[in-house]
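Visitor: I am new to this structure and would love a close look at one part of it. Could you pick a salt bridge, walk me through it slowly, and then show me how it fits with the rest?

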Amino acid sequence: MRVLRKNKTLRYGVPMLLLIIGGSFGLREFSQIRYDAVKIKIDPELEKKLKTNKISLESEYEKIKDSAFDDWKNIRGPRPWEDPDLLQGRNPEILKTKTA
């Protein structure tokens, strides 16, 4: 028994081989999930809605192609600790009166 404990092949080599071989089987199972997910059928009702929606990237591009962006202004979004109304130049008193 003492000889088996001191044998480096049994102590380090066999667990390493088990890890490599077992890992390849594990990766095969996880990668198979991706291919199985593609085979899942979409609900027919949802598929109808997707087919009736005729908006394409090209049609959206044609809509904004001739737009003039001369009056465009880059506004930075608020950080979590900042008030978004103050940052974007809105007056918070006016907003309070609108909601009240």
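Guide: Let's start in helix α4, which covers residues 57-65. Here Glu60 and Lys63 are three residues apart, so about one helical turn separates them. The two form a salt bridge, and their closest N and O atoms are 3.2 Å apart. Please keep in mind that you are looking at a predicted model.

How exposed are the two partners of this pair? Glu60 has a relative accessibility of 32%, so it counts as partly exposed. Lys63 reaches 57% and therefore counts as exposed, because the cut-off for that word is over 50%.

How many salt bridges does a search of the whole structure find? There are four, and the pair in α4 is one of them. Two others are worth a visit. Arg28 and Glu29 form a salt bridge in which the closest N and O atoms lie 3.4 Å apart. Both of these residues are partly exposed: Arg28 has a relative accessible area of 47%, and Glu29 has 48%. Further along the sequence, the side chains of Arg79 and Glu82 meet in a salt bridge with an N to O distance of 3.9 Å. Arg79 is partly exposed, at 41%. Glu82 stands at 22% and also counts as partly exposed, because buried would require a value under 20%.

Now let me take you to helix α2, which runs over residues 8-39. This helix has 32 residues and spans 47 Å from its first C-alpha to its last, close to the 46 Å expected at 1.5 Å a residue. At its start, a side-chain oxygen of Asn7 comes to within 3.2 Å of the backbone nitrogen of Thr9. Met16 also belongs to α2, and with a relative accessible area of 47% it is partly exposed. Together with Leu17, Leu19, Ile20, Ile21 and Phe25, Met16 makes a nonpolar surface patch of about 630 Å².

Stepping back, you can place these parts in the whole. The protein has six helices and zero strands, and its pattern along the sequence reads α-α-α-α-α-α. Of its 100 residues, 1% count as buried. The protein exposes about 10,200 Å², and carbon and sulfur atoms supply 62% of that area.

One last thing to carry with you is the confidence of the prediction. The average pLDDT of the protein is 80, and 86% of the residues score at least 70. Among the elements, α2 has the highest mean pLDDT, 89, while helix α6 (residues 92-99) has the lowest, 57. When you return to the place where we began, look for Glu60 and Lys63 in α4, about one helical turn apart and joined by their salt bridge.

Methods:
Residues numbered from 1 in each chain as written. Heavy atoms only, no water. Buried < 20%, exposed > 50% of the residue type's maximum accessible area, 1.4 Å probe, protein only. Helix = DSSP H or I, 4+ residues; strand = E, 2+ residues; numbered from the N terminus. Patch = residues over 30% accessible without salt bridge, like charges linked within 9 Å, V, L, I, M, F, W, Y side chains within 5 Å. Areas by Shrake-Rupley, 256 points an atom, 1.4 Å probe, with all protein chains shown as cover. Expected span 1.5 Å × (residues − 1). Polar contact = N/O pair within 3.5 Å; in protein donor to acceptor, adjacent residues only side chain to side chain. pLDDT = per-residue confidence, 0-100.
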